[in-house]
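User: Please take a close look at the second largest pocket, and relate its lining to the packing of the chain.

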Amino acid sequence: MGEDDLVVSSPEVGFNELEKVLAKHGKPLGRGDTVKIFDLSCLAVSTSTVLRVVLKLLKGGISIELCGLGVTITPDRDSDLFLLVEAFDGHWRQIHGIKTNEKREAKAGRKPRLTIEQLPDIRKRLAEQGATHESVAKDIGVARSTLFGFLKAHKDVSG
C-alpha cells in the first residue's frame, strides 16, 4: 500500500457504489487513478456487476489492480485484459438481451419538427406584411406553440 492510498472497506461500501462514495468524500476517481482490490471475496456483488463496474472504471481511464493475483488491468484498448473484460461484459449483455447504446448514431428522442436550417425562412415569413405566428406555423405544418418554442430556443441565432 502506498501512503496516498485510500482504503475503503467493502462491508461499509459496495463495489458498485465506490465512485459515488469517494466523490461524496471529496476523493473522486479520475483518469490515471488505480483501484486496488486486495481480495476478490470482499466484493459482495455478482460477477456480472463486477464486470460492469470494472469496465465502467476502465472506460473512465481508471486502472484496476488485483493485488492478490499480481494483475493490473489498464484502460488501454490495446490491452488484452481490457479486451477480455469488454468481451465478457458484451457476452453477458448479449445472452441477457441487454442493449448497449455505445454505437448509437441517432439522437435519442423524437425527431425535431423544426430544424435550424429552417430558421432564416421562418424569420423571413414572419417579417412579411400581414404574417402572423399562427399563419406561418400553419404554412410550415406545426402548431403555433411549437413555432414559439423553436423561436425562443433559437433567439440568439442570427439568420
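Analyst: **Pocket lining and cores**

Of the contacts (heavy atoms within 4.5 Å) with a separation of 6 or more, 56% join residues 24 or more positions apart. The model is predicted, so local features need pLDDT of at least 70 and side-chain atom pairs pLDDT 80 or more, while totals for chains, interfaces and linings use all residues. Numbering starts from 1 along each chain as its sequence is written, and side-chain values use heavy atoms, without hydrogens and water.

Six helices and three strands make up the secondary structure (DSSP runs: H or I of at least four residues, E of at least two, numbered from the N terminus). Their order along the sequence is α-β-α-β-β-α-α-α-α. Of the 159 residues in the protein, 25% are buried (under 20% relative accessible area, 1.4 Å probe; exposed is over 50%).

The second largest pocket has a volume of about 250 Å³ (an open set of 1 Å grid points with protein on both sides within 12 Å along at least five of seven lines; volume is the space filled by probe spheres on the points). The pocket is lined by 14 residues, and those closest to its centre are Val50, Leu51, Leu66, Ile73 and Val85 (lining: an atom within 4 Å of a point). Four elements each supply at least two residues of the lining: helix H2 (47-59), strand E2 (63-66), strand E3 (71-73) and helix H3 (80-95). By type, the lining has 13 nonpolar residues, one polar and no charged (charged: Asp, Glu, Lys and Arg; Gly counts as polar).

Val85, listed above for the pocket, also appears in the largest nonpolar core (buried nonpolar residues, Pro excluded, joined through side-chain atoms within 4.5 Å). This core has 18 residues, of which Phe15, Val35, Val54, Leu57, Leu58, Ile64 and Val85 touch the most other members. At least two core residues come from each of helix H1 (18-24), strand E1 (34-37), H2, E2 and H3. The largest share is that of H2, with seven residues.

Another core, of nine residues, lies apart from this one and includes Leu114, Leu147, Phe150 and Leu151. Leu147, Phe150 and Leu151 are also the buried residues of helix H6 (residues 144-153). They lie on the same side of H6, because they cover an arc of only 95° around the axis (from directions to the C-beta atoms). These buried residues of H6 pack against helix H4 (119-127) and helix H5 (133-140). Ser145, Lys152 and Ala153, on the other side of H6, are exposed.

Methods:
On a 1 Å grid over the protein atoms alone, a cavity is a set of points where a 1.4 Å probe fits but cannot get out, and a pocket is an open set with protein on both sides within 12 Å along at least five of seven lines; lining residues have an atom within 4 Å of a point.
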